[in-house]
Structure formats: structure tokens, C-alpha cells
Amino acid sequence: MYVHGNNLEQKEHHQTKYKDAESRRYLSEIRFRYDQWKTANEVLRGPVADVSEKDFLTVEQRVKLLNDYKDFLDQQHYAEKFDSRSNLHSSVLEEFMYYLFRDLVFGISEYALIGKSHSFKDIFFRAPSYLHMIKKPHALFEIKDHDFTIGASVKTTMKCRGSALIEEHDWDIPAVAIECKTYLDKTMLQDVSTAAEQLKQKNPNAMYIVVAEWLKLTGAVNLKKYKIDQIYVLRKQKNTDREFRYDTNYQKNPIYDDVINHCFNSVREFLTSDWEGGISHGIDRGFLI
């Protein structure tokens, strides 16, 4: 759940990297500000499943905390010391999603799956021989990492008829999957669309969302052909390469609270609505999809 905090802790305790004095000083400064950001988000409650007039104000406060922390962390000396491969900067958005949806999700169920997840993608069976096959299913599972999920953790048991051998498997099944990007380009869009399609083949009711700070797409991209439910560009801004973002003349937009609010309300409506569908439901209407 605390993806960014865990990333920071790994750097603080790394056995070989980040041992120099500058790295230690930077990590200490980031730790101080991170703890403040985390505490402020945990003290702040909501929004929850029931719609309230205070919801937008709460989202607005969370986004202000996010912008303050991101502005601090995105300073050039931190960005150059901890590059994109370290995932320190990108993990902030993943942890923010937990704070944004925590009270909504746990208000529905204390056992809900929320946070980064190795989710169910596919199942296949590979017994070493027919004699093994009739004794045990030999099920194997493909999993897909998602930056942030809301869903259910499922424990399953399998056994072959007439056999006493039992297999147990744990699955994470997303109802909502959110991919968090610093910027979204065409290659990334194709990748997330494939992941969305694979998810919906096994869980057709699932919602798949992409959130990105910046957009790196041209107007020639046909968004309709991709299998994503929504793409949010949090800064309402096209991508600029990192070195230009530190130019004194560059105007960096904030993360906009109305975009985050739209994302929250879309997910809340989805999680609290009826998913009834399929052939048996559609035949009474006369149209199936």
C-alpha cells in the first residue's frame, strides 16, 4: 500500500548503493518530507461511498498535499540523483491512489484488495503425464503486475475426482486496475491497451484506467481502438523532456484537482453500481450488449 515509502526505505537500507554522503543527505531530506505527506493523508478522512458535499473539498486537500510533495521531490538535484530506473518519483502517484481510494474501498469491505498487485492473468494446466493428471490438476497461473488495483483476493482449492490430493492457489482479481505513468506515449498506450484487453477477457466487468502526469501523443492517435476505459492527464499538459522542465522559462502545470475528482467519482460510481449483464439479463430487453 505504501509503495513510495517502501521504495524510499529500500534505498535507505541498500547494502551497496546510495552510501555516499550526498545520497544519505538527500534521502534524509526526502524521508522528512515523505513522513509529513503520509501523516497528513492518513489524518485526512474520505471521500467514502456515500456522496457528500464535502467530497470535492477533501479531494482538493489531497491534491494540494500531492502537489506540495511532488514539487519538493521533483527538484532537479533529486531527479538527477534518483533517476527513472529507481522508481522513486513514479511511485508517488501509486501511493497517492491508495490515499485517494482507501476510505471508499475499506468502507465497502475491510477485506478488499487495494494497492499494487500481482493479479490473475491466465490459468493453464501442465501435468508431466496422464497418470499425474488424473491425480492432481497441476494448475499454473500467469500473473500481471498492476501499479494500483481495487479488487478481491481469492483462495481456491482444486482436486481431481477420486483423488485425495488438493491444490491450493491464491488469486488477486482486480475490479479496477490503474496504471500510473509520468508521461504516456504511443508505445506505452499500446502496452496498457493489451493489458486491459487481457484483464477483461477473464474479468469482463473490470475497469481499466491510465493516469499520467503528461501526455506524449499526437492528434493522429485513434484512442477509440484501445481497450482502456479512461485516460487522465493530470497536468492537462503535453510532455516536455525532463531537462527542459528545469528551464527557468518552463511553466509546469500543477496536478489538477478537478481531474482527480473526475477519476475518483468514476471509480466510486463503478464500485457502487450494479454490474448485472450477460445474455440472461439482456434477453429480457431484446438487446444483449
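Residues are classed here as nonpolar (Ala, Val, Leu, Ile, Met, Phe, Trp, Tyr, Cys and Pro), charged (Asp, Glu, Lys and Arg) or polar (the others, Gly among them). The structure is a predicted model, in which local features need pLDDT of at least 70 and side-chain atom pairs count only at pLDDT 80 or more, while totals for chains, interfaces and linings use all residues. Residues are numbered from 1 along each chain as its sequence is written, and side-chain values use heavy atoms, with hydrogens and water left out.

**The chain as a whole**

The chain contains ten helices and five strands; these elements are DSSP runs numbered from the N terminus, a helix (H or I) having at least four residues and a strand (E) at least two. The C-alpha trace spans about 70 × 55 × 40 Å along its principal axes. Of the 289 residues, 43% count as buried, where buried means under 20% relative accessible area, exposed over 50% and partly exposed in between, with a 1.4 Å probe and protein chains only. Contact means heavy atoms within 4.5 Å. Among contacts with a separation of 6 or more, 66% join residues 24 or more positions apart.

**Pockets and the cavity**

Open and closed spaces were located on a 1 Å grid over the protein atoms alone: a cavity is a set of points where a 1.4 Å probe fits but cannot get out, whereas a pocket is an open set with protein on both sides within 12 Å along at least five of seven lines, and lining residues have an atom within 4 Å of a point. Grid points are joined across faces, edges and corners, and a volume is the space filled by probe spheres set on the points.

| Space | Volume | Nonpolar | Polar | Charged |
|---|---|---|---|---|
| Largest pocket | about 880 Å³ | eleven residues | nine residues | 19 residues |
| Second largest pocket | about 200 Å³ | eight residues | three residues | two residues |
| Largest cavity | about 60 Å³ | three residues | two residues | two residues |

The largest pocket is lined by 39 residues, and Ser84, Ser90, Lys181, Thr182 and Tyr183 lie nearest its centre. Two or more lining residues come from each of helix H3 (55-73), strand E2 (139-158), strand E3 (167-185), helix H7 (186-202), strand E4 (207-216) and helix H8 (242-245). E3 gives the most to this lining, with five residues.

The second largest pocket has a volume of about 200 Å³. It is lined by 13 residues, those closest to its centre being Leu189, Leu217, Leu223, Gln230 and Ile231.

One cavity of 30 Å³ or more is found by this rule. The lining of the largest cavity consists of Phe120, Lys121, Lys144, His146, Ala195, Gln198 and Leu199. Strand E1 (113-125), E2 and H7 each supply at least two of these lining residues, and H7 provides the largest share, three residues.

**Helix packing**

Two packed helices are described by the angle between their axes and the distance between the axes. Axes are lines fitted to C-alpha atoms, for helices over the stretch in contact, and angles run from 0 to 180 degrees between N-to-C directions. Angles under 35 degrees count as roughly parallel, over 145 as roughly antiparallel, 65 to 115 as roughly perpendicular and the rest as oblique.

Helix H2 (residues 21-43) packs with H3 at an angle of about 175°, the axes being 10 Å apart; the two helices are therefore roughly antiparallel. On the H2 side the contact is made by Glu29, Ile30, Arg33, Tyr34, Trp37, Ala40 and Asn41, and on the H3 side by Arg62, Leu65, Leu66, Asp68, Tyr69, Phe72 and Leu73. These residues divide into nine nonpolar, one polar and four charged.

The axes of helix H1 (residues 3-12) and helix H5 (residues 91-108) come within 7 Å and cross at roughly 140°, so H1 and H5 are oblique to each other. Val3, His4, Gly5 and Asn7 of H1 meet Ser91, Val92, Glu94 and Glu95 of H5. Here the residues comprise two nonpolar, four polar and two charged.

**Two buried residues**

Arginine 62 lies in helix H3 and is buried, with a relative accessible area of 0%. Beyond its neighbours within four places in sequence, arginine 62 is in contact with Asn41, Leu44, Arg45, Gly46, Phe96, Tyr99, Leu100, Arg102 and Asp103.

Isoleucine 209 is found in strand E4 and counts as buried at 1% relative accessibility. With neighbours within four places again left aside, isoleucine 209 is in contact with Ala177, Ile178, Glu179, Ile228, Gln230, Tyr232 and Val267.
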